[in-house]
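Please open the model in your viewer and keep the selection panel at hand. The stops below are arranged as a sequence of selections.

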Amino acid sequence: MKLVPLGDRVVLKQLVAEETTKSGIVLPGQNKEKPQQAEVIAVGPGGVVDGKEIKMEVKVGDQVIYSKYSGTEVKIEDVEYIICRQSDILAVIQ
């Protein structure tokens with residue numbers, strides 16, 4: 001199955017959370033905070049959305065930082081994805 005986002009939507013796959021802190025302390029499962037970093041899996045076509053011209057500035061394979069409470073989480077074939085608007089992406093990691 002393949003996710004194809006519409007309009008200015010982007011499909012993200014969250015990067016793996018750190019298992020240990022910088023000082024070497026191992027974190028149990030419930031104390032791990034979900035990272036706000038993700039990889040772009042699919043990008044919508046952009047175009048005119050709500051009367052405004054939207055140019056898609058991210059591309060498949062980019063690693064990005066996105067807003068903490070943005071998007072919709074979906075699970076397909078045991079893989080979790082986040083579908084959000086491009087405007088919810090704060091930065092591209094280079």
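A salt bridge is counted here when a side-chain nitrogen of Lys or Arg lies within 4 Å of a carboxyl oxygen of Asp or Glu. The model on display is predicted.

**First selection: D8, R9 and R85**

Select D8 and R9. These two side chains form a salt bridge, with the closest N and O atoms 3.9 Å apart, which satisfies the cut-off because that requires the atoms to be within 4 Å. Add R85 to the selection: D8 also forms a salt bridge with R85, and here the closest N and O atoms are 3.0 Å apart. D8 belongs to the segment before β1 and R85 to strand β7 (residues 79-85), so this pair ties together parts that are 77 residues apart in sequence. D8, R9 and R85 are thus linked in a network of salt bridges. Is D8 buried or exposed? At 8% relative accessibility, D8 counts as buried. R9, at 30%, is partly exposed, and R85 is partly exposed with a relative accessible area of 30%.

**Next: K59 and D62**

Move to K59 and D62, whose side chains meet in a salt bridge at 3.1 Å, N to O. K59 is exposed, with 53% relative accessible area, whereas D62 is buried at 11%. The count of salt bridges comes to 3.

**Next: the strands**

Switch to a cartoon representation. The protein chain has 0 helices and 8 strands. Of its 94 residues, buried ones make up 26%. Select Q14 in strand β1 (residues 9-14), together with Q37. Their C-alpha atoms are separated by 6.2 Å, although Q14 and Q37 are 23 residues apart along the chain. Q14 is partly exposed, at 23% relative accessibility.

**Next: the largest pocket**

Which residues line the largest pocket? Select M1, K2, L3, V4, P5, V11, I41, A42, V43, I76, E77 and Y81, which form its lining. The largest pocket holds about 190 Å³ of space. Strand β2 (residues 37-43) supplies the largest share of the lining, 3 residues. By residue class, the lining divides into 10 nonpolar, no polar and 2 charged.

**Final selection: a surface patch**

Display the molecular surface and select I65, L90 and I93. These residues form a nonpolar patch on the surface, with about 240 Å² of accessible area together. L90 lies in strand β8 (residues 89-93) and is exposed, with a relative accessible area of 57%.

Notes:
Residues numbered from 1 in each chain as written. Predicted model: local features only at pLDDT ≥ 70, side-chain atom pairs only at ≥ 80, totals over all residues. Heavy atoms only, no water. Patch = residues over 30% accessible without salt bridge, like charges linked within 9 Å, V, L, I, M, F, W, Y side chains within 5 Å. Areas by Shrake-Rupley, 256 points an atom, 1.4 Å probe, with all protein chains shown as cover. Helix = DSSP H or I, 4+ residues; strand = E, 2+ residues; numbered from the N terminus. Buried < 20%, exposed > 50% of the residue type's maximum accessible area, 1.4 Å probe, protein only. 1 Å grid on protein atoms, 1.4 Å probe; cavity = no way out; pocket = protein on both sides within 12 Å on 5 of 7 lines; lining within 4 Å. Points joined across faces, edges and corners; volume = space filled by probe spheres on them. Nonpolar A, V, L, I, M, F, W, Y, C, P; charged D, E, K, R; others polar.
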